[in-house]
Amino acid sequence: MFGLNKNVKLRDEIIFGKYESEKYMGGIRRFENLNLDKLQKLAMMNFINLEENQNYSPTVWEFIKFMRKYPEYTVMGYTVSIERSDYRVSIDGIEKQFGAESETEETEFIELFGDADEFENNSEMYAWFD
């Protein structure tokens, strides 16, 4: 994509801890448990497009705003290899191991992520967009 930072080694160090090209299958590598600090770092360094969304998910910017309010959430998604023309980082889900700590948190989670293909808001907060 035009404009994204092409330093794939640094991008993967932020997400995975190190760059390992052999872990890409079909040019894609999945990740989980990406915290707010790492997501914001990806955004500040222009590795991710804030207006991008995975199918019908919220935009990356909406994920960040929600996580700023509730920083115990992490996101999941995938990276696309530098060898592909659609090089990018995509966010396709969000989760928190324990339930909402307030009615407001649960309401905001449902409003933003309730249309996900897979959704839980009980003992675990989870939303994944296919």
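**Notes on a predicted model: helix packing, core and loops**

1. Let's start with the first pair of helices. The axes of α1 and α2 approach to within 9 Å, crossing at roughly 165°. That angle makes α1 roughly antiparallel to α2, and their crossing is left-handed. On the α1 side, R11, I14 and I15 make the contact, and on the α2 side the partners are K38, K41 and L42. By class, the residues of this α1 and α2 contact are three nonpolar, three charged and no polar. Bear in mind throughout that this is a predicted model.

2. Next, follow α2 to its other helix partner here, α3. Their axes lie 10 Å apart, and the packing angle is about 145°. The crossing of α2 and α3 is left-handed. From α2 come L36, L39, Q40 and A43, and they meet V60, I64, M67 and R68 of α3. This contact of α2 with α3 has six nonpolar residues, one polar and one charged.

3. Then there is α3 against α4. Here the axes are 12 Å apart and the angle is about 175°, and α3 and α4 are therefore roughly antiparallel to each other. Which residues meet across this pair? In α3 they are E62, F63, F66 and K69, while α4 brings E108, F109, L112 and F113. Sorted by class, the contact of α3 with α4 holds five nonpolar and three charged residues, with no polar ones.

4. Now for the core. The largest nonpolar core has 29 residues, and L39 and I94 are the members that touch the most others. Which elements supply at least two residues each? They are the helices α1 (8-16), α2 (36-44), α3 (60-69) and α4 (103-113), plus the strands β1 (28-34), β3 (88-96) and β5 (125-128). The most generous contributor is α3, which gives five residues to this core. L39 is worth a second look, as it also takes part in the contact of α2 with α3.

5. I94 deserves its own point. Setting aside neighbours within four places in sequence, what does I94 contact? The list runs F63, F66, M67, Y73, T74, V75, M76, F109, F113, M125, Y126 and A127. Some of these names have come up already: F63 and F66 of α3 meet α4, and F109 and F113 of α4 meet α3. M67, also in contact with I94, is one of the α3 residues that pack on α2. If you want one residue to click on while finding your way around the core, I94 is a handy choice, being one of the two members that touch the most others.

6. For contrast, look at D37, also in helix α2. Is D37 buried or exposed? With a relative accessible area of 60%, D37 is exposed, since the cut-off for exposed is over 50%. D37 and A100 are 63 residues apart in sequence, and their C-alpha atoms are 21 Å apart in space.

7. The loop between α2 and α3 has several residues to check. N46 sits in this loop and has a phi near 65°, a positive value in a residue other than glycine. N55 lies in the loop between α2 and α3 too, and its phi, near 50°, is also positive in a residue other than glycine. Why mention these? Because most residues other than glycine have a negative phi. How accessible are they? N46 is partly exposed, at a relative accessible area of 34%, and N55 is partly exposed, at 43%.

8. T59 is in that loop between α2 and α3 as well, but T59 is buried, with a relative accessible area of 15%. Apart from its neighbours within four places in sequence, T59 is in contact with L50, E51, E52 and N53.

9. Finally, try S81, in the loop between β2 (74-80) and β3. S81 is buried, with a relative accessible area of 7%; the cut-off for buried is under 20%. Which residues does S81 touch, not counting those up to four places away in sequence? They are Y24, G27 and Y87.

How values were computed
Residues are numbered from 1 along each chain as its sequence is written. This is a predicted model: local features need pLDDT of at least 70, side-chain atom pairs count only at pLDDT 80 or more; totals for chains, interfaces and linings use all residues. Side-chain values use heavy atoms; hydrogens and water are left out. A nonpolar core is a set of buried Ala, Val, Leu, Ile, Met, Phe, Trp, Tyr and Cys residues joined through side-chain atoms within 4.5 Å. Buried means under 20% relative accessible area, exposed over 50%, partly exposed in between (1.4 Å probe, protein chains only). Helices (H or I, at least four residues) and strands (E, at least two) are DSSP runs, numbered from the N terminus. Contact means heavy atoms within 4.5 Å. Axes are lines fitted to C-alpha atoms, for helices over the stretch in contact, and angles run from 0 to 180 degrees between N-to-C directions. Angles under 35 degrees count as roughly parallel, over 145 as roughly antiparallel, 65 to 115 as roughly perpendicular and the rest as oblique. A crossing is left-handed if the near helix is turned anticlockwise from the far one by less than a right angle, and right-handed if clockwise. Ala, Val, Leu, Ile, Met, Phe, Trp, Tyr, Cys and Pro count as nonpolar, Asp, Glu, Lys and Arg as charged, and the others, Gly among them, as polar.
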